[in-house]
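Open the structure in your viewer and keep the selection box handy. We will make a few stops, one selection at a time.

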Amino acid sequence: MIGHSKGELYMDTEVIRKKDDYVKTKFKIPYWWKVVLAFSLGWMFINANKYFLNPILDNIGLEYHLNNSQLGLVNSIFFLTYTIAQIPAGSFSDKFGRKKLLVIGFILYGVLTGISGLMAGFTGFLVARAVAGLASATYYGPQFALSSEAIPAKNRTVGSAIINSGSGIGIALGFILSSTLVLDMGMSWRIPFYIFGVLTVLIGIFISLMVKEKKDMKEAPPIGTAESEEKVSVLSLLKNRNLLVVFLVLFCSIYGFTVVVTWLPKFLLTERGFVGSEVGLISALVPLTAIPGALLFSYLTDKWGKKKPFAFILIPIAAIALWATVYVKSVPLLIIALVIYGLFGKIALDPLLIAAVSENVKQKNYGVAFSLYNFMGMLSSVIAPFFTGLLADLTGSMASGFYSAVIILILGLVIMMFFKEGKKNVRV
């Protein structure tokens, strides 16, 4: 360039390079934001696949000639294999790679969801759902282990709340899409299985591209030291008082939530007279309104650093709202009760409990700890669908099943009283 020496050209180039580096750094999306996006989408389709069949249970029941107890078994068998596989999945992920296990299981889950819709007989359908439950078990523990590594400690509760909001969106999406396609448009109940199966496979590929796994844990000591060789056991986790309390409270919370997401659509159809996609839209109020509640309470928990006081707000209000859902006869009051349950219920409570686990467990043991956490909680999802269906067959009404969920939520409130919240936690 005329009028410029080599030195000036070098300096000009260096200035441009520094400006480019500054722009890239300034506008670069933080890695943990990408993790939150990927895992939010993951939860969206994990939960859409779990629950989209609930508004169309009657259609499935008519084809296979099932009563309420057998319809409950459709969900219970899925959650049975899902729950049994939780702890092994967490242990395997800690040993062989969290991302690898998560992605393989997630894609397989999508494939098996599609296969479920192909089954001609009820036995084959149950087997497909059972194996799908096994595949989906590879998500929970590895996901929270990976996200807990990636999200800064000061943002962990809010980050978990955003990730968890994918659950609410996915459940709502499943309810609305399946009820619209099947109840309004008259399509086969098998069509949603194919749609969600394909979408789940695509999201699995997306997660694989977006998420990285740390090769070396910062908290892990050098190989050969006594601490590096120490292996955490399930028993040692259960001996931690705070962890045990959190596990039991989660069980009670998920029991109520499972009753709602499994049986609310049928309750609205048979006992409140709603039809078609109205069932999906009203049922979707619970997971959708849960999102702002979860974000608000997780923000407040991060700000004040306390979890127990918020649990004492969320649990009793959720129990009252759940009771009102089946007690009131007015449609507006029913909708208000569902909105309140969504705002204060299980999904709003989850980020508080997840943060409590991470504060009581060493980072290297996150995989098995979160898998045990989910195992203890999801035991209620094995019991609740079948037991509620059985109560409905015995009493002729689903109200008794909802009232049993209220009692269990109150029990969870009592258990939470034993949680010790202090500045220093003993980690296992």
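Start by selecting Asp350, which is buried because its relative accessible area is 4% (buried means under 20%, exposed over 50% and partly exposed in between, with a 1.4 Å probe and protein chains only). Before moving on, note that this is a predicted model, where local features need pLDDT of at least 70, side-chain atom pairs count only at pLDDT 80 or more, and totals for chains, interfaces and linings use all residues. Residues are numbered from 1 along each chain as its sequence is written, and side-chain values use heavy atoms, with hydrogens and water left out.

Now add Lys346, the salt-bridge partner of Asp350, with the closest N and O atoms 2.8 Å apart. A salt bridge here is a side-chain nitrogen of Lys or Arg within 4 Å of a carboxyl oxygen of Asp or Glu. Both Lys346 and Asp350 sit in helix α18, four residues apart, about one turn of the helix. Helices are DSSP runs (H or I, at least four residues) numbered from the N terminus. Lys346 is buried too, at 15% relative accessible area.

What lies around this pair? Lys346 and Asp350 are among the residues closest to the centre of the largest cavity, along with Tyr140, Asn374 and Met378. A cavity is a set of points on a 1 Å grid over the protein atoms alone where a 1.4 Å probe fits but cannot get out, and lining residues have an atom within 4 Å of a point. The largest cavity has a volume of about 170 Å³, counted as the space filled by probe spheres set on grid points joined across faces, edges and corners. Its lining divides into nine nonpolar, six polar and three charged residues.

Keep Lys346 selected and add Leu314, Ile315 and Ala318: these are among the residues lining the second largest cavity, which holds about 50 Å³ of space. Helix α16 (308–327) gives the most to that lining, with three residues.

Next, select Asp58 and Lys266, another salt bridge, with N and O atoms 2.6 Å apart at the closest. Asp58 lies in helix α3 (residues 57–64) and Lys266 in helix α13, so the pair ties together parts 208 residues apart in sequence. Asp58 is partly exposed at 27% relative accessible area, while Lys266 counts as buried at 10%.

Stay on helix α3 and pick Glu63 with Arg190, whose side chains meet in a salt bridge (2.5 Å, N to O). Arg190 lies in the loop between α9 and α10 (191–210), so this pair ties together parts 127 residues apart in sequence.

Methods:
On a 1 Å grid over the protein atoms alone, a cavity is a set of points where a 1.4 Å probe fits but cannot get out, and a pocket is an open set with protein on both sides within 12 Å along at least five of seven lines; lining residues have an atom within 4 Å of a point. Ala, Val, Leu, Ile, Met, Phe, Trp, Tyr, Cys and Pro count as nonpolar, Asp, Glu, Lys and Arg as charged, and the others, Gly among them, as polar. Helices (H or I, at least four residues) and strands (E, at least two) are DSSP runs, numbered from the N terminus.
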